[in-house]
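Here is a friendly walk through one protein model, written for reading beside the structure. Please keep the viewer open as you go.

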Amino acid sequence: MEKSGESSEKFVADAMLGEVARWLRILGYDVLYSRNYTDKQILTIAMKTGRTILTRDRGLYARAKKRNLRVVYVSTDNIVERLAELVLKTGISLDPDPRKSRCPECNSPLITVRDKEKVKDRVPPRALEANDVFYMCPRCGRVYWEGSHWRNIRRVVREALELVEVARNAARQARRPR
Ligand SMILES: [Zn+2]
(Lines give C-alpha, C1' and ligand atoms only; values in the text may rest on other atoms or scores of the structure.)
Protein backbone atom coordinates (compact mmCIF):
# COMPACT_ATOMS: atom_id res chain seq x y z
CA MET A 1 0.00 0.00 0.00
CA GLU A 2 1.12 3.53 -0.69
CA LYS A 3 0.95 6.44 1.70
CA SER A 4 -1.62 8.34 -0.34
CA GLY A 5 -4.11 5.53 0.24
CA GLU A 6 -4.20 5.04 -3.52
CA SER A 7 -2.95 1.55 -4.31
CA SER A 8 -1.05 1.01 -7.51
CA GLU A 9 -0.79 -2.70 -6.98
CA LYS A 10 -0.62 -4.69 -10.20
CA PHE A 11 -1.73 -8.26 -10.67
CA VAL A 12 -1.40 -11.36 -12.79
CA ALA A 13 -4.35 -13.73 -12.51
CA ASP A 14 -4.52 -17.44 -13.20
CA ALA A 15 -6.86 -19.07 -15.72
CA MET A 16 -9.62 -19.64 -13.17
CA LEU A 17 -9.92 -15.97 -12.23
CA GLY A 18 -11.06 -14.35 -15.47
CA GLU A 19 -14.04 -12.74 -13.78
CA VAL A 20 -11.86 -11.27 -11.03
CA ALA A 21 -9.47 -9.93 -13.68
CA ARG A 22 -12.33 -8.18 -15.48
CA TRP A 23 -13.68 -6.66 -12.27
CA LEU A 24 -10.30 -5.40 -11.13
CA ARG A 25 -9.71 -3.83 -14.54
CA ILE A 26 -13.09 -2.08 -14.38
CA LEU A 27 -12.03 -0.79 -10.95
CA GLY A 28 -8.84 0.61 -12.48
CA TYR A 29 -6.30 -2.08 -11.69
CA ASP A 30 -3.68 -3.35 -14.10
CA VAL A 31 -4.31 -7.10 -14.34
CA LEU A 32 -2.59 -9.45 -16.77
CA TYR A 33 -4.74 -12.44 -17.57
CA SER A 34 -4.83 -15.14 -20.17
CA ARG A 35 -6.59 -18.45 -20.15
CA ASN A 36 -3.44 -19.86 -21.72
CA TYR A 37 -0.85 -18.79 -19.15
CA THR A 38 1.06 -21.71 -17.71
CA ASP A 39 2.05 -21.68 -14.03
CA LYS A 40 5.62 -21.12 -15.14
CA GLN A 41 4.63 -18.09 -17.20
CA ILE A 42 2.68 -16.61 -14.30
CA LEU A 43 5.64 -17.07 -11.95
CA THR A 44 8.00 -15.50 -14.49
CA ILE A 45 5.69 -12.51 -15.04
CA ALA A 46 5.40 -11.98 -11.29
CA MET A 47 9.15 -12.25 -10.83
CA LYS A 48 9.98 -9.83 -13.64
CA THR A 49 7.26 -7.24 -13.01
CA GLY A 50 6.59 -7.40 -9.27
CA ARG A 51 2.94 -8.20 -9.87
CA THR A 52 0.86 -9.94 -7.23
CA ILE A 53 -0.30 -13.38 -8.34
CA LEU A 54 -3.99 -14.17 -7.89
CA THR A 55 -4.66 -17.88 -7.95
CA ARG A 56 -7.14 -20.65 -7.16
CA ASP A 57 -4.38 -23.23 -7.45
CA ARG A 58 -2.75 -24.42 -4.21
CA GLY A 59 0.27 -25.75 -6.09
CA LEU A 60 0.92 -22.43 -7.81
CA TYR A 61 0.36 -20.62 -4.50
CA ALA A 62 2.99 -22.79 -2.81
CA ARG A 63 5.49 -22.30 -5.63
CA ALA A 64 5.02 -18.54 -5.53
CA LYS A 65 5.44 -18.47 -1.74
CA LYS A 66 8.63 -20.48 -2.03
CA ARG A 67 10.01 -17.85 -4.42
CA ASN A 68 8.98 -15.04 -2.07
CA LEU A 69 6.52 -13.62 -4.57
CA ARG A 70 3.43 -11.69 -3.57
CA VAL A 71 0.54 -14.10 -4.02
CA VAL A 72 -3.09 -14.33 -2.94
CA TYR A 73 -4.91 -17.64 -2.78
CA VAL A 74 -8.50 -16.69 -3.63
CA SER A 75 -10.58 -18.95 -1.39
CA THR A 76 -14.06 -17.52 -1.91
CA ASP A 77 -16.47 -18.20 -4.76
CA ASN A 78 -18.62 -15.22 -5.70
CA ILE A 79 -17.43 -11.84 -6.91
CA VAL A 80 -18.63 -9.88 -3.84
CA GLU A 81 -16.70 -12.19 -1.50
CA ARG A 82 -13.69 -12.26 -3.78
CA LEU A 83 -13.41 -8.47 -3.97
CA ALA A 84 -13.72 -8.31 -0.17
CA GLU A 85 -11.06 -10.99 0.16
CA LEU A 86 -8.69 -9.01 -2.06
CA VAL A 87 -9.21 -5.84 -0.03
CA LEU A 88 -8.47 -7.72 3.19
CA LYS A 89 -5.45 -9.60 1.84
CA THR A 90 -3.76 -6.91 -0.30
CA GLY A 91 -5.06 -3.60 1.08
CA ILE A 92 -6.32 -2.37 -2.30
CA SER A 93 -9.16 0.14 -2.32
CA LEU A 94 -12.35 -0.32 -4.34
CA ASP A 95 -13.38 2.97 -5.86
CA PRO A 96 -15.66 2.56 -8.88
CA ASP A 97 -14.98 5.38 -11.33
CA PRO A 98 -15.40 4.89 -15.08
CA ARG A 99 -12.71 7.52 -15.73
CA LYS A 100 -10.16 5.27 -14.04
CA SER A 101 -11.32 2.03 -15.61
CA ARG A 102 -9.23 -0.19 -17.78
CA CYS A 103 -10.66 -2.16 -20.67
CA PRO A 104 -12.10 -5.34 -19.09
CA GLU A 105 -11.23 -7.24 -22.28
CA CYS A 106 -7.62 -6.21 -22.83
CA ASN A 107 -6.42 -4.27 -19.75
CA SER A 108 -5.56 -1.07 -21.63
CA PRO A 109 -6.32 2.26 -19.89
CA LEU A 110 -9.37 3.89 -21.52
CA ILE A 111 -9.50 7.25 -23.29
CA THR A 112 -12.33 9.67 -22.47
CA VAL A 113 -14.25 10.71 -25.58
CA ARG A 114 -16.71 13.62 -25.57
CA ASP A 115 -17.14 13.90 -29.32
CA LYS A 116 -20.04 11.58 -30.20
CA GLU A 117 -18.97 11.57 -33.84
CA LYS A 118 -15.91 9.55 -32.88
CA VAL A 119 -17.89 6.71 -31.32
CA LYS A 120 -21.19 6.80 -33.19
CA ASP A 121 -20.41 3.68 -35.22
CA ARG A 122 -19.61 1.62 -32.13
CA VAL A 123 -22.41 2.61 -29.75
CA PRO A 124 -26.12 1.69 -29.98
CA PRO A 125 -28.25 4.75 -30.87
CA ARG A 126 -30.02 4.87 -27.53
CA ALA A 127 -26.77 4.87 -25.56
CA LEU A 128 -25.34 7.47 -27.92
CA GLU A 129 -28.29 9.71 -27.25
CA ALA A 130 -28.34 9.18 -23.48
CA ASN A 131 -24.64 9.86 -22.80
CA ASP A 132 -22.21 12.71 -23.36
CA VAL A 133 -19.09 10.92 -22.24
CA PHE A 134 -17.70 7.67 -23.61
CA TYR A 135 -14.60 5.66 -22.81
CA MET A 136 -12.73 4.11 -25.68
CA CYS A 137 -10.08 1.43 -25.57
CA PRO A 138 -7.17 2.52 -27.77
CA ARG A 139 -6.02 -1.06 -28.13
CA CYS A 140 -9.11 -3.10 -29.02
CA GLY A 141 -11.45 -0.27 -30.01
CA ARG A 142 -14.28 -1.19 -27.66
CA VAL A 143 -16.35 1.71 -26.38
CA TYR A 144 -17.88 1.91 -22.91
CA TRP A 145 -20.24 4.35 -21.22
CA GLU A 146 -21.74 4.77 -17.79
CA GLY A 147 -24.81 2.65 -18.48
CA SER A 148 -27.05 0.73 -16.12
CA HIS A 149 -24.31 -1.86 -15.54
CA TRP A 150 -22.50 0.77 -13.48
CA ARG A 151 -25.36 0.61 -10.96
CA ASN A 152 -24.55 -3.08 -10.62
CA ILE A 153 -20.81 -2.38 -10.35
CA ARG A 154 -21.41 0.11 -7.53
CA ARG A 155 -23.79 -2.28 -5.75
CA VAL A 156 -21.30 -5.15 -5.88
CA VAL A 157 -18.53 -2.90 -4.56
CA ARG A 158 -20.79 -1.61 -1.77
CA GLU A 159 -21.61 -5.17 -0.74
CA ALA A 160 -17.94 -6.16 -0.86
CA LEU A 161 -16.98 -3.20 1.36
CA GLU A 162 -19.71 -4.19 3.82
CA LEU A 163 -18.15 -7.66 4.07
CA VAL A 164 -14.75 -6.02 4.64
CA GLU A 165 -16.22 -3.98 7.52
CA VAL A 166 -17.77 -7.07 9.08
CA ALA A 167 -14.47 -8.96 8.84
CA ARG A 168 -12.46 -6.05 10.27
CA ASN A 169 -14.88 -5.60 13.15
CA ALA A 170 -14.72 -9.30 13.90
CA ALA A 171 -10.91 -9.13 13.90
CA ARG A 172 -11.00 -6.14 16.27
CA GLN A 173 -13.37 -7.97 18.61
CA ALA A 174 -11.09 -11.00 18.60
CA ARG A 175 -8.06 -8.88 19.50
CA ARG A 176 -9.76 -7.03 22.34
CA PRO A 177 -8.55 -8.26 25.75
CA ARG A 178 -11.27 -9.63 27.98
ZN1 LIG B 1 -9.57 -3.13 -25.01
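From the N terminus on, the elements run β-α-β-α-β-α-β-α-β-α-β-β-α, which gives the protein 6 helices and 7 strands. Helices (H or I, at least four residues) and strands (E, at least two) are DSSP runs, numbered from the N terminus. The model is a predicted one, in which local features need pLDDT of at least 70, side-chain atom pairs count only at pLDDT 80 or more, and totals for chains, interfaces and linings use all residues. Residue numbers start from 1 along each chain as its sequence is written.

Along the principal axes, the C-alpha atoms fill a box of roughly 60 × 45 × 30 Å. Of the 178 residues, 29% count as buried. Here a residue is buried if 20 or more other C-beta atoms, placed from the backbone, lie within 10 Å of its own, exposed if 12 or fewer, and partly exposed in between.

**The two sheets**

One open sheet has 4 strands in the order β2-β1-β3-β4, with parallel pairing. Two strands pair if DSSP finds at least two bridges between them. β2 (31-33) and β4 (71-73) stand at the edges with a single partner strand each, so one side of each has no neighbour in the sheet. On average, neighbouring strands of this sheet are turned by 20° against each other, direction ignored. Inside the sheet, strand β1 (residues 11-13) is joined to strand β3 (residues 52-55) by 3 bridges, and V12 stands opposite I53 in β3. Helix α3 (residues 58-66) packs on the sheet, touching β3 and β4, and its direction makes about 155° with that of β4. Such angles run from 0 to 180 degrees between N-to-C directions, with axes as lines fitted to C-alpha atoms, for helices over the stretch in contact.

The other open sheet has 3 strands in the order β5-β6-β7, and its pairing is antiparallel. Its edge strands are β5 (111-113) and β7 (143-144), each pairing on one side only. Strand β6 (residues 134-136) and β7 pair over 2 bridges, with Y135 opposite Y144 in β7.

**Helix packing**

In helix α1 (residues 18-26), the buried residues are V20, A21, W23, L24, R25 and I26. They pack against β1, β2, β3, α4 and α6, where a contact means C-beta atoms, placed from the backbone, within 7 Å. Just after α1, G28 takes a positive phi of about 100°.

How do α4 and α6 cross? The axes of helix α4 (residues 79-90) and helix α6 (residues 149-175) come within 8 Å and cross at roughly 50°. That makes α4 oblique to α6, since angles under 35 degrees count as roughly parallel, over 145 as roughly antiparallel, 65 to 115 as roughly perpendicular and the rest as oblique. Residues that meet there include L83 and V87 in α4, and V156 and L163 in α6. By class, this contact has 12 nonpolar, no polar and 2 charged residues. Ala, Val, Leu, Ile, Met, Phe, Trp, Tyr, Cys and Pro count as nonpolar, Asp, Glu, Lys and Arg as charged, and the others, Gly among them, as polar.

**Two asparagines with positive phi**

Most residues other than glycine have a negative phi. The residues below are worth a look in the viewer.

| Residue | Phi | Loop | Other C-beta atoms within 10 Å |
|---|---|---|---|
| N68 | about 60° | between α3 and β4 | 8, exposed |
| N107 | near 75° | between α4 and β5 | 21, buried |

Note on methods:
Contact = placed C-beta atoms within 7 Å.
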